[in-house]
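Let's take a friendly walk through this model, one helix and one contact at a time. Please keep the structure open beside you as you read.

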Amino acid sequence: PTIRELLTTHKWKRLFAGNGTNCLRILPFSALVCLAYSNLSKHFPLDGMNSQWAGVGRMCAGATAGIFATTITHPIDVVRAKLTVQSSAAMTGPQYKGLF
């Protein structure tokens with residue numbers, strides 16, 4: 001549907017479908033990435049005498065932190081995606097109304 005159709009049939013509410021759930025996902029995701037990266041950066045060679053491996057150490061710490069945070073917050077992301085793309089006309093089964 002176009003933006004005009006969304007505004008005439010659903011008003012502004014449909015434009016922000018799933019946004020509240022997305023906000024609830026971003027906070028724990030960002031906190032977990034920061035926490036995991038700060039802890040993992042102690043175990044990877046980030047600085048020191050062999051500085052050619054510092055970039056690889058940062059990449060490994062960041063990738064591992066991202067994988068950890070995504071694994072924890074993925075169920076919330078699935079609900080957010082379903083809230084965003086569901087259409088009341090196309091869905092015959094139960095619909096998501098929110099996170100809870």
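The report below looks at a helix, a charged pair, a threonine and a surface patch.

## Helix H2 and its two sides

Please keep in mind that this is a predicted model. A good place to begin is helix H2, which runs over residues 19-40 and has 22 residues. From its first C-alpha to its last, H2 reaches 31 Å, close to the 32 Å expected at 1.5 Å a residue.

Which residues of H2 are buried? They are Thr 21, Arg 25, Leu 32 and Ala 36. Looking down the axis of H2, you will find these buried residues within an arc of 45°, so they line one face of the helix. As general background, an α-helix has 3.6 residues a turn, so residues three or four places apart point the same way.

The cover over the buried residues of H2 includes helix H3 (54-85). On the face of H2 turned away from its buried side, you can spot the exposed residues Leu 27 and Cys 34.

## A salt bridge between H2 and H3

How many salt bridges does a search of the whole structure find? The search finds one. Its partners are Arg 25 and Asp 77, with their closest N and O atoms 3.3 Å apart. This pair links distant parts of the chain, as Arg 25 sits in helix H2 and Asp 77 in helix H3, 52 residues apart. In general, side chains of opposite charge can pair when their charged atoms come close.

Are the two partners buried or exposed? Arg 25 has a relative accessible area of 15% and is buried, because the cut-off for buried is under 20%. Asp 77, with a relative accessible area of 21%, is partly exposed.

## Thr 73, facing H2

Now have a look at Thr 73, which has its place in helix H3. Thr 73 is buried, and its relative accessible area is 4%.

What does Thr 73 touch, leaving aside its neighbours within four places in sequence? Its contacts are Arg 25, Pro 28, Phe 29 and Leu 32. Two of these names will be familiar: Arg 25 and Leu 32 are among the buried residues of H2, and Arg 25 is also the salt-bridge partner of Asp 77.

## A nonpolar patch on the surface

Finally, turn to the surface. Trp 53, Val 56 and Met 59 make a nonpolar patch of about 310 Å² there. One of these residues, Val 56, is found in helix H3. Val 56 is partly exposed, with a relative accessible area of 36%.

Conventions:
Residues are numbered from 1 along each chain as its sequence is written. This is a predicted model: local features need pLDDT of at least 70, side-chain atom pairs count only at pLDDT 80 or more; totals for chains, interfaces and linings use all residues. Side-chain values use heavy atoms; hydrogens and water are left out. Helices (H or I, at least four residues) and strands (E, at least two) are DSSP runs, numbered from the N terminus. The expected span of a helix is 1.5 Å times one less than its number of residues. Buried means under 20% relative accessible area, exposed over 50%, partly exposed in between (1.4 Å probe, protein chains only). The arc is that of the directions from the helix axis to the C-beta atoms. Contact means heavy atoms within 4.5 Å. A salt bridge is a side-chain nitrogen of Lys or Arg within 4 Å of a carboxyl oxygen of Asp or Glu. Patches are made of residues with over 30% relative accessible area and no salt bridge: like charges are joined within 9 Å, nonpolar side chains (Val, Leu, Ile, Met, Phe, Trp, Tyr) within 5 Å. Accessible areas come from the Shrake-Rupley method with a 1.4 Å probe; for residues, only the protein chains shown count as cover.
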